[in-house]
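User: I am new to this structure and would like to learn how to read it. Could you walk me through some features, starting with the general idea each time?

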Amino acid sequence: MSYVITGTCVNDGACVDVCPVDCIHPTPAEPGFLGADMLYIDPDVCVSCNACAEACPVGAVMDEKSLPPELLRYRDINAEFSRLRKDS
Amino acid sequence: MSAPLRVAIVGSGPAGFYAANDLLKRDPASRVELFDRLPTPGGLVRSGVSPDHAARREVIATYERLAMASHRFRFHGNIEIGRQLTHEDLLRCHHAVIYACGSAGDRRLGIPGEDLPGSHAATSFVSWYNGHPDFAAQSFDLSCERAIVIGNGNVALDVARMLLLGHDRLHPTDVADHALRAFAESRIREVVVLGRRGAAQCAFTTPELLELGHHDLDVRVEHAASAGAKPAGRDARAYAVQLKLRLLDEYAARAALPDARRLVLRFLNSPLAIVGRDRVETLRVVRNRLVSGGRGDLVAESTGEISEITAGLVLRAVGYRGLPVVGLPFDAARGIVPNVGGRIVGENRRPMRGAYVAGWLKRGPSGVIGTNKGCSQETVACLLQDFAGDRLPIPDIDDQGTQRLLTERCPDRVDYLGWKKIDRHERLGGMDQQRLRVKLVDLQRMTAVASGRF
């Protein structure tokens, strides 16, 4: 169970500020931030506390259970980037 | 103890709002006045973000509420700095001015035929369909079957999508009424998006590319493959490129949808000339190959293989360009105000006291909405340092005097409540028609609604 960032993301980073487990990357302090198309939630670390969803100014974060079909792919995209980041 | 910090911010797009909120948060005594040339706040979030991406427009509403909640923030719309008020006026009323007015110009292609009727800047087209008052009277001929969009950024994909979505999909959005009517009569069936380099170099983002698959469009990909394209890195940029290449492969493998409107992503093609007798008839293009640019990058090189594409509309989406601001130095080559970390500097690289810049006018037109947050925070940090070090000029007009000056010079200014009246008027107008909002596009009507006369 995890939260998922979808394509509406504008890289505002408000989610990063409120995440209690630092599972959202790249953070504004990380080198990859400026080249990022969006931010990603690591599903292995996320505790589904909803703080990011409340903080997001554009409603880009959703509980994976409530993703509409056309946004389901973002579940894989969040997980895939997170794996790649941890492998590096 | 010195008097509380007073700051004027010029421009109410993302950079302006991020700067305002950072100031209000970091200096709990500070007062911020945010000016905009238009009666409506938001900058490109109102007039640039695509109407079918309504959620992204909420970013301004969020930061607007946050700023208002401080009770140390004022919005002044319909005031042009450099016309009704000068930089000197602002510095008589504030310790500092932050310019966050963005990049209002567009880049040109520099090819023959660029000024033929039917050839336009994509930025004008975007401003037009988003109801920017300066562009509401323009018209775009959508009676042809094929349009070409030159450029490979998110603006290119936005305009391509808007040209193809069709009336039913656009009706519920806040697209301007005049544009909705034009799109309803549009005969465009195909849009070719032209990129001079390969798929791995395209600047549009993965969400924009992914979304194309959800609109019943016949998405075609041409010349995407390019040797050595796969990026090796594991950072977010490299991941985005890998994902884009994969998505393009998926589109290329999809069965054609012969009855659907068609979107062609054609890579490795540069425009040479826009050709036509009285208006755009064809675009002459040359096929490119990628060669090493010498600094680890790949650049496009002409193969000499020339072809023509028939089209009645050519939109160049090759970037915004900053315009000079009255009273400030300007770096014309980069289209920015010269600065060090946001402190505006003159020819001798010495800071201009009390003058700052943030957002696109500071670093050039690149990045997404949130990129401006860090950019504005850097500027605010410099400003607060200068305030703490007594390096800011002391304003000689107090707050009451400032409001008197505004009343005198800017009788038609629109304050926050005025903007909320416009906002409500637009939303109520939309409700009647099952639309998100019906935008007001006429300045006189906007100021009338804002002042309660309508």
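Analyst: Happy to help; we will go through an interface, a helix and some salt bridges. Keep in mind that this is a predicted model.

User: Let's start with the interface. How many residues does each chain give to the contact between chain B and chain A?

Analyst: Chain B gives 29 residues and chain A gives 28 residues. Together they bury about 2,400 Å², and carbon and sulfur atoms account for 58% of that area. On the side of chain B, the residues that lose the most area to chain A are B:Arg234, B:Ala236 and B:Tyr239, which together make up 27% of what that side buries.

User: How many salt bridges does the rule find across the interface of chain B and chain A?

Analyst: There are 3 salt bridges across it. In one salt bridge, the side chain of B:Glu250 meets that of A:Arg73, at 2.8 Å from N to O. Polar contacts are counted as well, and between chain B and chain A they join 13 residue pairs.

User: Which elements give two or more residues to the side of chain B that touches chain A?

Analyst: They are helix H3 (54-69), helix H9 (206-211), helix H10 (236-253) and helix H12 (371-388) of chain B. The largest share, 10 residues, comes from H10(B). Sorted by class, that side of chain B has 13 nonpolar, 7 polar and 9 charged residues.

User: Then let's look at that helix. What should I know about helices in general?

Analyst: An α-helix has 3.6 residues a turn, so residues three or four places apart point the same way. As for this case, H10(B) has 18 residues and spans 26 Å from its first C-alpha to its last, close to the 26 Å expected at 1.5 Å a residue.

User: Which residues in H10(B) are buried?

Analyst: Among them are B:Ala236, B:Tyr239, B:Leu243, B:Leu247 and B:Tyr251. The cover over the buried residues of H10(B) includes parts of both chains: strand E3 (40-41) and helix H3 (73-87) of chain A, along with H9, strand E9 (218-222) and strand E10 (262-266) of chain B.

User: Now the salt bridges. How many are found over all chains?

Analyst: The whole structure has 42 salt bridges. In one of them, B:Arg46 pairs with B:Glu426, with their closest N and O atoms 2.8 Å apart. B:Arg46 belongs to helix H2 and B:Glu426 to helix H14 of chain B, so this pair ties together parts that are 380 residues apart in sequence.

User: Are B:Arg46 and B:Glu426 buried or exposed?

Analyst: A residue counts as buried when its relative accessible area is under 20%. B:Arg46 is buried, at 9%, and B:Glu426 is buried, at 0%. Both also belong to a network of salt bridges, including B:Glu64, B:Lys420 and B:Arg437.

User: What about B:Asp386; where does it lie?

Analyst: B:Asp386 lies in helix H12 of chain B, and it is buried, with a relative accessible area of 7%. Its side chain meets that of B:Arg343 in a salt bridge (2.9 Å, N to O). B:Arg343 is in strand E17 of chain B and B:Asp386 is in helix H12, so the pair ties together parts that are 43 residues apart in sequence. The side chain of B:Asp386 also makes a polar contact of 2.6 Å with that of B:Tyr356.

User: Which residues is B:Asp386 in contact with, leaving aside neighbours within four places in sequence?

Analyst: Those are B:Arg343, B:Tyr356, B:Arg391 and B:Leu392.

Notes
Residues numbered from 1 in each chain as written. Chains lettered and ligands numbered in written order. Predicted model: local features only at pLDDT ≥ 70, side-chain atom pairs only at ≥ 80, totals over all residues. Heavy atoms only, no water. Contact = heavy atoms within 4.5 Å. Buried area = accessible area lost by both parts, 1.4 Å probe. Salt bridge = Lys/Arg side-chain N within 4 Å of Asp/Glu carboxyl O. Polar contact = N/O pair within 3.5 Å; in protein donor to acceptor, adjacent residues only side chain to side chain. Helix = DSSP H or I, 4+ residues; strand = E, 2+ residues; numbered from the N terminus. Nonpolar A, V, L, I, M, F, W, Y, C, P; charged D, E, K, R; others polar. Expected span 1.5 Å × (residues − 1). Buried < 20%, exposed > 50% of the residue type's maximum accessible area, 1.4 Å probe, protein only.
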